[in-house]
Amino acid sequence: MLILGIESSCDETGVALLEIKGDKFRVLANLVSSQVNIFKKYGGVVPEIAARKHLDNLLPLLEKAMVKAKVSPKDIEAIGVVYGPGLITSLIVGIETAKTLSLVWQKPLIPVDHMKAHILANLVEGESGSLVKIKYPAMCLVVSGGHTMLVSMKDENNFKTVGQTRDDAVGEAFDKVAKILGLGYPGGPIISEKAENADKEFYKLPRPMINSGDFDFSFSGLKTAVKNEWEWEQFKDKENVRKMCASFQQACVDVLVKKTIEAAKKYGVKSILLGGGVAANKELRKQLAEKIDLELKGVKFFQPELNMTTDNALMVAISAYFEYKDKPKNFYEAWKTIKVEPNLEL
Ligand code: KG4
Ligand code: ZN
């Protein structure tokens with residue numbers, strides 16, 4: 001079976017071709033065209049521009065992927081496309097393209113939830129793309145520019161949100177703090193680089209909701225605390241920027257790690273999964289791994305490979321496969337009904 005995946009929910013256009021034989025996966029193509037350099041000068045994504053870039057990029061990327069994989073339309077069995085959550089103008093480009101292909105090529109069309117796709121990015125290993133076997137139930141920490149969630153998972157099609165942010169997402173907080181400190185966009189990679197080997201206890205920052213007893217998060221107050229501290233700081237030199245990056249990052253990591261461990265204990269899980277753009281954060285990966293090792297004996301920790309943390313279409317193709325494999329008939333006429341859902345909830 002060969003699945004075509006399409007991603008266009010924010011500022012990355014992605015096309016992937018995934019071959020599945022039994023329980024063997026093979027990645028034939030996984031191409032991403034990122035707009036991140038365009039949005040550096042704006043300090044964030046401009047939805048109208050993002051949509052126009054998706055229009056420019058999607059079909060050429062599809063052609064390139066098919067040439068690379070040496071496949072023609074007749075080889076493709078089904079098409080998976082992200083229908084939400086995300087920016088409506090961006091999502092529409094992927095959806096309308098996928099609907100057109102589905103009608104013209106007469107292929108089933110599978111709508112994919114972008115957040116589920118971030119979780120299922122854990123299921124593919126390396127460029128070989130072999131399938132990773134996960135023991136369920138699992139607890140997933142999903143951290144991106146738009147979301148911060150703890151999701152309990154019974155299998156590849158069974159997800160339940162057990163907690164989420166009440167205001168800013170953690171990636172959004174990284175981006176806003178970078179702006180406050182006069183660093184570029186996106187903030188996550190820059191902050192984590194500056195934080196390396198810097199004193200993470202120098203600035204005393206709050207750990208919002210760390211003892212709230214539930215699995216919700218809040219990052220807006222932490223961002224404001226950084227802003228206030230920085231306004232008071234007389235010496236806004238390079239060293240202090242690094243110390244602030246480290247102090248802020250550690251505050252985020254403390255809350256994320258503690259709540260993930262608590263949720264894993266409460267739900268008695270066998271595995272913990274990490275997903276979303278912030279899953280690229282080295283300290284989060286390291287400290288979560290250490291804590292799981294220490295406190296949750298026998299629980300296995302999965303984290304996606306670095307190129308699978310940010311938005312890509314391979315994670316979309318994987319999700320589409322799991323939706324499609326047991327009920328292929330459901331998707332033949334789907335192009336008639338699928339609509340974008342910018343605020344889609346798991
Ligand atoms: O999942 P993603 O690519 O797009 C959304 O679906 O939102 O996530 C993007 C977010 C941005 O906020 C970015 O600053 C953050 O992921 N990010 C990081 C790192 N790399 C990307 N945050 C912290 N540390 C990183 N190394
Ligand atoms: Zn994403």
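Colleague: Are histidine 118 and aspartate 311 buried or exposed?
Modeller: This is a predicted model, and the values are computed from it. Buried means under 20% relative accessible area. Histidine 118 and aspartate 311 are both buried.

Colleague: Which residues coordinate the zinc ion (ligand 2)?
Modeller: The donors follow the spacing H-x3-H-x192-D along the chain. The donor atoms are NE2 of each histidine and OD of the aspartate, at 2.1 Å. The residues are His114, His118 and Asp311.

Colleague: How many residues apart in sequence are the parts that histidine 118 and aspartate 311 tie together?
Modeller: Both residues coordinate the zinc ion (ligand 2). Histidine 118 lies in helix 4, while aspartate 311 lies in the loop between strand 12 (300-302) and helix 10 (314-324), so the pair links parts separated in sequence by 193 residues.

Colleague: What distance separates an oxygen atom of ligand 1 from a side-chain N or O atom of aspartate 311?
Modeller: Aspartate 311 is a donor to the zinc ion (ligand 2). A polar contact needs a pair of N or O atoms within 3.5 Å. The side chain of aspartate 311 meets that limit with an oxygen atom of ligand 1, at 3.3 Å.

Colleague: What share of the accessible area of ligand 1 does the protein cover?
Modeller: Take the contacts to its oxygen atoms. A polar side-chain atom of aspartate 175 sits 2.7 Å from one oxygen atom of ligand 1. For glycine 188 a backbone N or O atom is involved, at 3.0 Å. Of the 560 Å² that ligand 1 has on its own, the protein covers 88%.

Colleague: Which helix gives the most to the shell around ligand 1?
Modeller: The shell holds 19 residues, with Gly145, Asp175, Gly188, Gly277 and Asn281 the closest. Helix 4 (114-120), helix 5 (170-180) and helix 6 (187-195) each supply at least two. With four residues, the top contributor is helix 6.

Colleague: How many residues of the shell around ligand 1 are charged?
Modeller: Asp, Glu, Lys and Arg count as charged, and Gly counts as polar. The shell has five nonpolar and twelve polar residues, and its charged residues number two.

Colleague: Where does ligand 1 lie with respect to the domains?
Modeller: Domain 1 covers 2-126 + 308-336, and domain 2 covers 138-303. Both give residues to the shell, so ligand 1 lies between domain 1 and domain 2.

Colleague: Which residue has its C-alpha atom 8.5 Å from that of asparagine 307?
Modeller: Asparagine 307 is in the loop between strand 12 and helix 10. Its relative accessibility is 47%, so asparagine 307 counts as partly exposed. The partner is 27 residues away along the chain: alanine 280.

Colleague: Which prolines follow a cis peptide bond?
Modeller: Most peptide bonds are trans. The bond from glycine 84 has omega of about -10 degrees, and the one from tyrosine 185 has omega of about -5 degrees. One proline is in the loop between strand 4 (78-84) and helix 3 (88-105), the other in the loop between helix 5 and helix 6. They are proline 85 and proline 186.

Colleague: What is the phi of lysine 70?
Modeller: Most residues other than glycine have a negative phi. Lysine 70 lies in the loop between helix 2 (47-69) and strand 4. At 73% relative accessibility, lysine 70 counts as exposed. Its phi is positive, near 55 degrees.

Colleague: Where is methionine 209 found?
Modeller: Methionine 209 is not a glycine, yet its phi is positive, about 65 degrees. The residue is in the loop between helix 6 and helix 7 (220-232).

Terms used:
Residues numbered from 1 in each chain as written. Chains lettered and ligands numbered in written order. Predicted model: local features only at pLDDT ≥ 70, side-chain atom pairs only at ≥ 80, totals over all residues. Heavy atoms only, no water. Near = heavy atom within 4 Å. Polar contact = N/O pair within 3.5 Å; in protein donor to acceptor, adjacent residues only side chain to side chain. Areas by Shrake-Rupley, 256 points an atom, 1.4 Å probe, with all protein chains shown as cover. Domains from an automatic or database assignment. Donors = N, O, S within 2.8 Å, 3.2 Å for Na, K, Ca; no water. Buried < 20%, exposed > 50% of the residue type's maximum accessible area, 1.4 Å probe, protein only.
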